[in-house]
Amino acid sequence: MTKLDRPDTSATVEHATVYLAFELSKAKWKLGVMLPGSQKLSRYTIAGGDLGALASRLADMRKRAAAQGRPVRILSCYEAGLDGHWLHRWLTAQGVINHEIDPSSIEVSRRARRAKTDRIDLEKMMRTFLAHVRGEPRACSIVHVPTVEDEDRKRLTRERERLLKERNAH
């Protein structure tokens, strides 16, 4: 298990903060979790889109963090993608402070061809997120989540573009 830097913010003193990073795919979601007082990243896998399993995992994390005797907060992040922002809205409704990270803002080494695994990506995402929470100015860029109405408006334009492309392909 890799040890990751802990943020040194005043909020970590008054709250028992759980840090959560997602690596999302259609088939499975990888969750990286750092509980209060722990320096290691625990990893869990749940089926892609299984909100029941995710809710159960969140409840377990809250219970374990509450043992510290302080108010619990959960901070989470994942890379913004083509799925839209429904997961952000669901997490927010569960009381999670969520951040969608712009994938192009996560720094990667250009010296050599890098290995690409969910395990490595999860650790990199957690390091980047913790740096952002600590206040490092260029750790990553956070995506502005549009309202449901704005997202629906964009969906119409994207659907039209897809249909035009399909028509021209025939």
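## A tour of the sheet and its helices

Start by selecting the strands: five of them form an open sheet, in the order β3-β2-β1-β4-β5, with mixed pairing. At the edges you will find β3 (42–47) and β5 (97–101), and each of these pairs on one side only. Turn the view to look along the sheet and follow the twist, which averages 20° from one strand to the next.

Before going further, colour the chain by confidence, as this is a predicted model. The protein has a mean pLDDT of 82, and 82% of its residues reach 70 or more. Residues 1–9 are a place for caution: the pLDDT there is below 50, although the stretch has 36 contacts in the model beyond near neighbours in sequence.

Next, select β2 (residues 28–34) together with β3. The two strands run antiparallel to each other and pair over six bridges. Zoom in on G32 and you will see R43 of β3 standing opposite.

Now bring in the helices. Select α2, residues 51–66, and see which strands it crosses: α2 lies across β1 (16–24), β2, β3 and β4 (72–79), and runs at about 155° to β1. Then select α3, residues 86–93. This helix lies across β1, β2, β4 and β5, running at about 175° to β4.

Keep both helices on screen for the last stop. How do α2 and α3 pack, and how far apart are their axes? They meet at an angle of about 40°, with the axes 12 Å apart. The two helices are therefore oblique to each other, and their crossing is right-handed. To see the contact itself, show the side chains of L51, L54, A55 and L58 on α2, then those of W86, L87, W90 and L91 on α3. What kinds of residue make up this contact of α2 with α3: nonpolar, polar or charged? Eight are nonpolar, while none is polar and none is charged.

Definitions and conventions
Residues numbered from 1 in each chain as written. Predicted model: local features only at pLDDT ≥ 70, side-chain atom pairs only at ≥ 80, totals over all residues. Heavy atoms only, no water. pLDDT = per-residue confidence, 0-100. Contact = heavy atoms within 4.5 Å. Axes fitted to C-alpha atoms, helices over the stretch in contact; angles between N-to-C directions. Helix = DSSP H or I, 4+ residues; strand = E, 2+ residues; numbered from the N terminus. Parallel < 35°, antiparallel > 145°, perpendicular 65-115°, else oblique. Left-handed = near helix turned anticlockwise from the far one by under 90°. Nonpolar A, V, L, I, M, F, W, Y, C, P; charged D, E, K, R; others polar. Pairing = 2+ DSSP bridges.
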